[in-house]
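The following paragraphs lead the reader through a protein model and its ligand. The account begins with the ligand's surroundings, continues with a sheet and ends with the cysteines.

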Amino acid sequence: MASADYSVRDGIALVTIDNPPVNAMTVGVPRAVCEALERAGREPEVVAIVIRGGGSGTIAGADIRMFGKPWPAGEPSLRDIIATVERSPKPVAALIRGQCLGGGLELALSCHYRLAASDSAVGQPEVKLGFPPGAGGTQRLPRLAGVEAALAMILDGNPVPALRARDLGIIDRVVEGDPREAAIAFMRERVAAGGPHVLARDRKLEAPGPDYFAAERTKAEKANRNLRSAQLACIDCVEAAVTLPFDAGIARERAIFETCLASEESRALRHVFFAERAAGKVPGIGKQTAVARIASAAVIGSGTMGTGIAMCFAEAGIPVHVLDTHAPALERGIATIRKSYEASAAKGRLSAADVEKRMSLITPTSVYADLAGADIAIEAVFEDMPVKRAVFAALDRVLEANAILASNTSYLDVDEIAASVPARLGRVLGLHFFSPANLMRLLEIVRTSSATPETVATALALARRLRKLPVVAGVCHGFIGNRMLTGYIREAGFLLEEGASPQQVDKALTDFGMPMGPFAVKDLAGLDIGWRNRKAFAHLRDASKRTSPVDDWICELGRFGQKTGAGYYRYEPGSRAPIPDPLVDELIRKAAKEKGITRREIGHDEIVERCLYPLVNEGAKVLEEGIALRASDIDLVWINGYGFPAWRGGPMHWADTVGLAKVLASVERLARADDTWEPAPLLKRLATERRRFADLDQGVSQNA
Ligand code: 3HC
């Protein structure tokens with residue numbers, strides 16, 4: 001129950017916000033805080049007031065769940081607390097512990113003083129939710145920290161540690177020992193000194209140079225697209241702090257905040273915020289589920305994936321063996337890791353000592369017996385079932401009975417891999433890292449039919465230690481992400497035959513918000529692996545289904561993408577800039593002619609629909625089959641694994657905003673024209689019932 005606790009010590013009233021777990025400003029909190037402040041104002045023995053968060057001390061700001069819902073009429077809000085503080089007849093201090101974020105910091109900024117525990121941090125993370133601070137942060141922070149430092153903090157949204165915040169002028173004193181006692185002593189000191197107790201709103205603001213805001217806008221235009229609109233809004237607000245009187249600046253900030261809050265972009269980013277928190281909640285796994293201790297790890301394979309995964313462990317401080325039976329490959333792999341760390345050190349991101357510490361946690365070996373002590377082993381060898389099964393059998397022989405075996409396969413049946421170690425079935429799963437594994441945040445945890453809750457819980461806990469975003473997937477070809485990718489790539493290829501050019505398709509999708517188009521991605525990843533796989537598995541292909549030969553023809557010319565200087569595009573030596581190639585256009589026209597397709601003008605919107613509706617349609621199947629637990633999990637996979645724009649909320653959220661009836665109508669029309677399309681039964685059902693994917697998720701999150 002949201003409330004505020006009130007007590008008085010040595011003439012100092014302590015107002016403690018009590019709304020676990022993060023003291024968000026839920027309905028009821030502002031009323032309780034305002035009442036406590038007014039009481040402190042009235043009581044004669046009280047000479048000053050300290051406001052703080054209860055529990056861990058963290059104050060996460062406004063209640064994000066309330067955005068988009070009406071605030072109950074007559075119910076005080078965060079802005080009422082701020083107004084009460086600013087008209088308090090007695091000086092007020094904010095005592096910051098844990099993280100003081102968003103509206104929490106805005107409340108602190110409105111106080112006469114700010115004290116912070118040395119391990120605390122402050123931040124204005126609103127930009128990440130698609131809007132600027134809306135309770136005065138953009139007006140008060142520049143008055144304390146200066147325009148440049150304040151804007152930098154508001155634009156990146158990351159928390160600033162207490163000591164740095166003190167140096168910036170945001171915090172008056174960093175306190176050690178018992179923060180409550182320190183705050184009481186500080187306020188007694190200030191009262192004894194007799195003031196003046198100056199509010200941020202009354203401080204002078206130094207205007208930056210004449211071109212400052214224009215330059216910041218240019219930077220924001222070029223930077224992270226996910227945050228662009230909100231960043232531009234933040235710049236407008238901070239500029240208002242410079243150009244307008246304080247109260248007019250506050251009004252301007254509020255108007256901009258409300259416009260942003262109502263935008264699709266903010267809705268999408270808030271969806272992502274809650275999606276990330278929901279993803280860790282897996283039905284059947286809770287706080288009571290045992291989690292195995294992971295004190296050391298082993299990675300099998302020293303290629304790109306194996307070395308990337310080993311780096312994740314080293315960066316988390318977990319010792320890891322890297323096994324490769326091919327000595328030169330092992331040597332190359334370890335050298336690549338060192339080179340990567342040394343490159344980071346050269347850029348000043350790591351110290352020389354950090355490089356050595358990480359390298360000391362990575363032990364190369366070519367002998368399975370050396371892995372005996374590992375609590376988890378992850379294989380990242382060639383994508384071939386017999387090879388993977390042989391590796392698992394070898395691991396099974398040397399590892400302790402309770403160690404976990406994981407496969408980093410991208411497509412293969414993890415149940416079949418698990419069957420190679422029958423005595424250990426419950427402790428096998430897929431851990432699908434994305435390349436480059438040390439940088440990409442997504443980790444698909446592939447739950448086999450026999451994996452125990454403890455194994456899955458251990459994988460979830462490990463993911464957090466490795467600073468990954470875990471999403472649980474069921475076993476199927478390609479799991480969540482790669483299974484959906486197939487249709488996206490397929491339709492992009494078909495569009496070429498029907499009249500589009502690679503650059504047109506790529507442009508339509510980058511304009512939509514994808515970081516790269518499908519053909520640029522293919523050239524970057526290399527076309528040869530898919531080509532070899534197609535040749536190897538040609539006998540398994542359903543010859544009645546439509547395919548496109550262009551990929552194969554390009555490969556037959558020795559054009560494997562960027563690494564050979566040509567693929568779908570040409571590349572000048574040393575450059576990654578794609579140059580359209582008439583030769584590829586010729587191949588495309590030849591493919592169309594052989595199939596009797598009359599090429600036509602294809603518009604931007606059709607390209608977007610044709611490439612993205614397969615994601616939605618396949619996503620609906622993935623959801624209905626239980627391969628993904630939630631539509632929002634699918635969104636996270638596509639945002640974090642494939643660069644789907646977060647500001648569009650992921651493919652399933654985006655489909656909800658387009659309208660599922662509209663999506664279905666297109667999918668059915670495409671299915672009538674081409675048998676590669678099979679409308680998902682779940683998509684049909686939801687569209688008919690006028691429901692959304694989000695409606696299905698609500699049930700799952702509550703059950704978890
Ligand atoms: N409103 C509502 N719920 C919130 C919340 C908020 N501001 N912040 C966190 N929560 C919820 C989470 O959804 C989660 O709920 P769940 O248990 O039901 O899933 C629970 O609190 C715990 O959160 P985390 O799992 O994220 O806990 P952590 O300890 O890992 O992190 C945190 C704590 C650093 C505070 C992190 O939750 C966070 O970054 N929160 C958001 C902070 C933020 O963006 N604040 C700005 C809000 S907007 C605002 O203030 C507008 C103002 O300018 C007017």
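A residue is taken to be near a molecule if one of its heavy atoms lies within 4 Å of it. The helices and strands named below are DSSP runs, numbered from the N terminus, with at least four residues for a helix and at least two for a strand. The model is predicted.

Which elements each supply at least two residues of the shell around the ligand? They are the strand β5 (99-101) and the helices α3 (103-110) and α11 (264-279). Of the contributions to this shell, that of α11 is the most, at three residues. In total, 27 residues surround the ligand, and the closest are A60, E106, E126, R277 and K281. Sorted by class, the shell comprises 15 nonpolar residues, together with six polar and six charged ones.

Individual atom pairs add detail to this picture. Two of the closest residues, R277 and K281, place polar side-chain atoms by oxygen atoms of the ligand: for R277 the distance is 2.7 Å, and for K281 an N or O atom of the side chain is 2.5 Å from a ligand oxygen. With G134 the backbone is involved, as one of its N or O atoms lies 3.0 Å from an oxygen atom of the ligand. On its own, the ligand has 990 Å² of accessible area, of which the protein covers 73%.

Strand β5, already met as a supplier of shell residues, also belongs to an open sheet of three strands in the order β5-β7-β8, with mixed pairing. Where in this sheet do β5 and β8 (160-161) stand? Both are at the edges; each has a single partner strand, so one side of each is left without a neighbour in the sheet. Strands of a sheet pair through backbone hydrogen bonds, either parallel or antiparallel. Between β7 (residues 121-123) and β8 the sense is antiparallel, and the pairing runs over two bridges. Within it, A121 stands opposite P161 in β8.

The cysteines remain to be considered. A disulfide is a covalent bond between the sulfur atoms of two cysteines. With a cut-off of 2.5 Å between cysteine sulfur atoms, the count of disulfides is zero. For C611, the nearest cysteine sulfur is that of C555, 19 Å away, and C611 is in no disulfide. Is C611 buried or exposed? Its relative accessibility is 0%, so C611 counts as buried. C312 is likewise buried, because its relative accessible area is 4%, and the limit for this class is under 20%.

Notes. Residues numbered from 1 in each chain as written. Predicted model: local features only at pLDDT ≥ 70, side-chain atom pairs only at ≥ 80, totals over all residues. Heavy atoms only, no water. Buried < 20%, exposed > 50% of the residue type's maximum accessible area, 1.4 Å probe, protein only. Polar contact = N/O pair within 3.5 Å; in protein donor to acceptor, adjacent residues only side chain to side chain. Areas by Shrake-Rupley, 256 points an atom, 1.4 Å probe, with all protein chains shown as cover. Nonpolar A, V, L, I, M, F, W, Y, C, P; charged D, E, K, R; others polar. Pairing = 2+ DSSP bridges.
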